[in-house]
Amino acid sequence: MSNSLIVLDDPEIANLYSLNLNIFLGLDVLIKKNVYEAIALLNLIKSADVIITREKLGNENAYEQIKEWLQQNDIEIPIILLDRENKEGEETHSLNSKNDIKKNIQEIANILGINLRDSSRKIFSEFYPVPLHYFDLIKKSFCQTFRRSSKAAIEDDAVYVKLFDANELVVREKIREFKKIGIKNLYILSSARSKFAHQFTMMILEQIEKEKNKDKRFRIFEGISRVMTHELLKYGMNVKVIKLTKAMVERIYDELNKERSIMKFLHFLNAETDYYLFQKSILTLMICYKIIDNMDWGTEEQKKKITYVGLYNDIVFDDEKLARITDDEELNNAILTDDEKDLVLNHAQIASGFLTKLPETPMGVEIIIKQHHGTHNGVGFKHPPHHDISPLAAVFMVAEEIAIPLLEKNVAIDTEEILYNIEEKYPNHNKFLQAIEAAKLMTR
Ligand SMILES: [Fe+2]
């Protein structure tokens, strides 16, 4: 099931249906605000699994026009109308519960023959969770923000206490306190969700451009990398992630190109950041840049290309224990759920899938990321890696093998010793040996 189309002129209602259809029915939803735009889209995609609309949108007779288009194009797509009684002999589904979104979502699930994914959760919760770490990046709250009472065991009994009004300063001490006691989410009103998403993205993009202080800039990058993981895991590729990726690639390329000493940069990362997955990505990228600088074929374009690999290679992990697994033996010995094992096995392939959905990605990036554990298809780990993997994939793997012990041993380790160990591990792999030779020329 994919590409469900909502045609509604009320963005808040459209977003609420989209959100609930996505969460509870697993549908990918496209939203159009009028018939004209909906038909333009249908002319392009020629199919959808379901169209959800009203009989009339403003003065337009939405239902009749969409039905006419379907007949003219000889395409069958079920239409669900939110606002009228069923008419006898007609195949269109009309929902009787005009304003009851809970009943309507259940009914849409019945019509489409889909089981609700998580019926224990309350459909159309008035409050929408926002991960606490988003508030590390927010100075002023965009909308009313609430905290859920910790005493409530089930959603129906939950009490939401207002923390910040719209435009109120986000008090850092409060956020730190919440982190300490293990609070994972704050809440906003569901109706404010799209406004929040838009303003959050605009604010971060502005912060990245304007922040003069290097420490703060890197803390913003660190925050964004958490946000990107959360967004991709929860919603898949979306406009927010597309904009953030573009900004991150450009800014990180500029920042890392300025860095001279690996050891100084490592000290800086340890002092200013604490998110292991970010530290690993960023240190690996810096080492990649140094290796590429020392390669005959190295260009600035390749550094930009590998920046996408650095940002996305382990992006599906929000738990660092999963990212620490780098071979079959570690995977077999780890105590993980089946879902976690699947995620580890397939993470390179999933990341590659995300990159194919990203507009303007440099050619071949999705292949390099697929190969970042040595396989061709992005599934599992291959030691030694295939000989015909991309030279940039080999550079990335060598850089990561240098970065991990540097981070874990907290500086007290010699890069020459690390390089010697990698050389021993891949004695006959030309692409690895070339990358290692280039790495030996790095300034520490
Ligand atoms: Fe990985």
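In the predicted model, helix α2 (residues 35-45) lies across strands β1 (4-7) and β2. The helix runs at about 135° to β2.

Strands β1 and β2 belong to an open sheet of five strands. The strand order is β2-β1-β3-β4-β5, and the pairing is parallel. Strands of a sheet pair through backbone hydrogen bonds, either parallel or antiparallel. The edges are formed by β2 (29-32) and β5 (93-94), each of which pairs on one side only. Strand β1 is joined to β2 by four bridges, and the two strands run parallel. Within this pair, I31 of β2 is the bridge partner of I6. Strand β1 is also joined to β3 (residues 51-53), here by two bridges and again in parallel. L5 stands opposite I51 of β3 in this pairing. Further along the sheet, two bridges connect β4 (residues 79-81) with β5, and these strands too run parallel. Here L81 has S94 of β5 as its bridge partner.

Strand β1 is covered on both faces. S4 and I6 are buried on one side. L5 and V7 are buried on the other.

The protein chain as a whole contains 18 helices and nine strands. Its C-alpha trace spans about 80 × 55 × 45 Å along the principal axes. The radius of gyration is 25 Å. A compact globule of 444 residues would have a value near 22 Å, so the two agree. Buried residues account for 32% of the 444 residues. Of the contacts between residues at least 6 apart in sequence, 67% join residues at least 24 apart.

The largest nonpolar core holds 60 residues. Within this core, C288, V395, F396 and V398 touch the most other members. Another core, of 29 residues, lies apart from the largest one. Its members include A14, L42, I79 and L95. Of these, L42 falls in the residue range of α2, and I79 in that of β4.

V398 was examined for contacts beyond its neighbours within four places in sequence. These contacts are with I291, I422, F432, A435, I436 and A439. The pair of helices α17 (residues 415-425) and α18 (residues 430-440) supplies several of these partners, including I422 and I436. The two helices pack at an angle of about 170°, with their axes 10 Å apart. Because the angle is over 145°, α17 is roughly antiparallel to α18. Helix α17 contributes L419, I422 and E423 to the contact. Helix α18 contributes I436, A439 and K440. I422, I436 and A439 thus appear both in this helix contact and among the contacts of V398.

F142 lies elsewhere in the chain, in the loop between β6 (127-131) and β7 (145-148). This loop residue is buried, because 20 other C-beta atoms lie within 10 Å. Not counting residues up to four places away in sequence, F142 touches A166, K195, F196, Q199 and F200. F142 and A439 of α18 are 297 residues apart in sequence. Their C-alpha atoms are 46 Å apart in space.

Methods: Residues numbered from 1 in each chain as written. Predicted model: local features only at pLDDT ≥ 70, side-chain atom pairs only at ≥ 80, totals over all residues. Rg over C-alpha atoms; globule rule 2.2 N^0.38 Å. Buried ≥ 20, exposed ≤ 12 C-beta atoms within 10 Å, placed from the backbone. Contact = placed C-beta atoms within 7 Å. Core = buried A, V, L, I, M, F, W, Y, C linked by C-beta atoms within 7 Å. Pairing = 2+ DSSP bridges. Axes fitted to C-alpha atoms, helices over the stretch in contact; angles between N-to-C directions. Parallel < 35°, antiparallel > 145°, perpendicular 65-115°, else oblique.
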